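User: I would like a close look at a single part of this model, explained slowly enough for a first-year student. Please take one strand and follow it outward through the parts around it.

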Amino acid sequence: MNTLFAPVRFGDLELANRIVMAPMTRSRAGSDHVPTAVMVDYYAQRASAGLIVAEGTSPSADGIGYCRTPGIYNDEQIQAWRQVTEAVHARGGRIVLQLMHCGRVAARANKPAGSRSVAPSSVAANAKLFTDTEGMADTDLPHALTLDEIAEVIGDYRQAALNARAAGFDGVELHGTSGYLPMQFIATNSNQREDRYGGPLENRIRFTLEVLEAMAGAIGAGRVGLRLCPGNPYNDVDDLNPQATLEALLAGIDGLGLAYLHIMRSPVPGLDAFAIARQGFSGALIVNDGFDGDSAARQLEAGAADAVSFARHYIANPDLVERLREGQALARFDRHTLYSPGPAGYSDYPSRALESVLE
Ligand SMILES: Cc1cc2nc3c(=O)[nH]c(=O)nc-3n(C[C@H](O)[C@H](O)[C@H](O)COP(=O)(O)O)c2cc1C
């Protein structure tokens, strides 16, 4: 039996199938970081996924790093997101919001007025970011958070989880990789602290665990997920022992009762992050990176995961579930419109189901 199409329950989330839409930053929010109408269409078109993980979204103005990425820290954003969640729910879908605090992966020109870029230590990321107004720009030299400010940032995540629920999301996913704030605490090059958030591994994972606990305390652990990619160096982060980091994180989260762990294939040769996660985490596991329908089905049949997420295939295949079910060919996406404003290359990819109605 192909278990991709079997329903499943992850914590408080009821999924109609095991096909998850992975989070993708597509830069279709306004320059004020408020979701737009094309985002309503885009997510509604993909509602047959068992679960949509909506794109990386900032829990605070300080957490914005990129242009036209959404936030969930003011009323306008909450109202706009509500249009998205209502459209997805009206089509029977489930949708959680990925919370992405960029920390030091931020450029001044992309940030809301009055906000600042923050990180565990005042060390700039060796990365350049696209800005609408200045082209490619250097990342900011971040402000090193004080202990009181760390507590405030954790409070921002907590409030963002509550805001996401107020906007109708079924839950939230913490973005714990790709060099954003949680990973900036874990990595030894971006975290030079000497207090209880720096130094030994148990201190460097503390921020991630405290954020998860705060969000779980606010909306229930059964509505909170975590995304990891062990050893991912993206955005200039050094993890000298990704396996030890993964094992420490798994031990830290295993008792929390999270809805799921969403794990990407590790780029580190020989590090089988899926197997380590399956062994060290007793909750639901979503695996990601490079899957097609057949390889995804094999993961489920082998018992290696409970669901598989797809990112790139979802760009040009809004009805991916139906196409996989029917064994149809998958469409290819245009990389030139990945981050451009407006509907082109975003909410205008046809659904096969729609085409057959029109024919
Ligand atoms: C355009 C684009 C934007 C992405 N944005 C995010 C993001 O906001 N958050 C995140 O965790 N991963 C992001 N990713 C990574 C994907 O979720 C996924 O892990 C990766 O594309 C591998 O999965 P795939 O082989 O199914 O595409 C992005 C990927 C792409 C192609």
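Analyst:
**A strand and its surroundings**

In strand β5, Leu99 is the bridge partner of Thr57. This model is predicted, and everything that follows should be read with that in mind. The pair is a good place to begin, since β4 and β5 run parallel and are joined over four bridges. As a general rule, the strands of a sheet pair through backbone hydrogen bonds, and the pairing may be either parallel or antiparallel.

Looking at β5 on its own, we find that five of its five residues are buried, and the strand is mostly covered. Its side chains can be sorted by direction: Ile95, Leu97 and Leu99 point one way, while Val96 and Gln98 point the other way, and all of them are buried.

The strand also belongs to a wider arrangement, a closed barrel of eight strands in the order β3-β4-β5-β10-β11-β12-β13-β14, with parallel pairing. From one strand to the next the twist averages 25°. Further along this barrel, strand β10, residues 171-175, runs parallel to strand β11, residues 224-228, and four bridges join them. Within that pairing, His175 stands opposite Arg227 of β11. On its other pairing, β11 is joined to β12 in the parallel sense, again over four bridges, and here Leu228 has Ile263 of β12 as its bridge partner.

Strand β12, residues 260-264, makes a useful parallel to β5, because five of its five residues are buried and it is largely enclosed by the rest of the structure. Its two faces are both covered, with Tyr260, His262 and Met264 buried on one side and Leu261 and Ile263 buried on the other.

Returning to β5, we can ask which elements the buried residues of helix α1 pack against. They pack against β4, α2 (75-90) and β5 (95-99). Helix α1, residues 37-45, has as its buried residues Met39, Val40, Tyr42, Tyr43, Ala44 and Gln45. Tyr43 deserves a separate mention: leaving aside neighbours within four places in sequence, Tyr43 is in contact with Ile52, Ala54, Val84, Ala87, Val88 and Ile95. Of these contacts, Ile95 is one of the residues of β5 that we met above. Tyr43 also appears among the residues with the most contacts inside the largest nonpolar core, a core of 103 residues, together with Val20, Met215, Leu285 and Val308.

The loops beside these elements complete the local picture. Arg91 is found in the loop between α2 and β5, and it counts as partly exposed because 13 other C-beta atoms lie within 10 Å. Without its neighbours up to four places away in sequence, Arg91 is in contact with Ala44 and Ala47. The second of these partners, Ala47, sits in the loop between α1 and β4. Unlike Arg91, which is partly exposed, Ala47 counts as buried, because it has 21 C-beta neighbours inside 10 Å, and the threshold for a buried residue is 20 or more. Ala47 touches Val88, Arg91, Gly92 and Gly93, again not counting residues up to four places away in sequence. For a sense of scale, the C-alpha atoms of Arg91 and Val153 lie 35 Å apart, although these residues are 62 apart in sequence.

Another loop, between β4 and α2, holds Arg68. Most residues other than glycine have a negative phi. Arg68 is not a glycine, yet it has a positive phi of about 55°. With 21 other C-beta atoms within 10 Å, Arg68 is buried.

Finally, β4, the partner of β5, leads to the ligand. β4 (51-57) and α10 (312-316) each supply at least two residues of the shell around the ligand. In total 20 residues surround the ligand, and the closest are Ala22, Thr25, Gly56, Ala311 and Arg312. By type, the shell divides into nine nonpolar, seven polar and four charged residues.

Technical notes: Residues numbered from 1 in each chain as written. Predicted model: local features only at pLDDT ≥ 70, side-chain atom pairs only at ≥ 80, totals over all residues. Core = buried A, V, L, I, M, F, W, Y, C linked by C-beta atoms within 7 Å. Buried ≥ 20, exposed ≤ 12 C-beta atoms within 10 Å, placed from the backbone. Contact = placed C-beta atoms within 7 Å. Near = placed C-beta within 6 Å. Nonpolar A, V, L, I, M, F, W, Y, C, P; charged D, E, K, R; others polar. Pairing = 2+ DSSP bridges. Axes fitted to C-alpha atoms, helices over the stretch in contact; angles between N-to-C directions.
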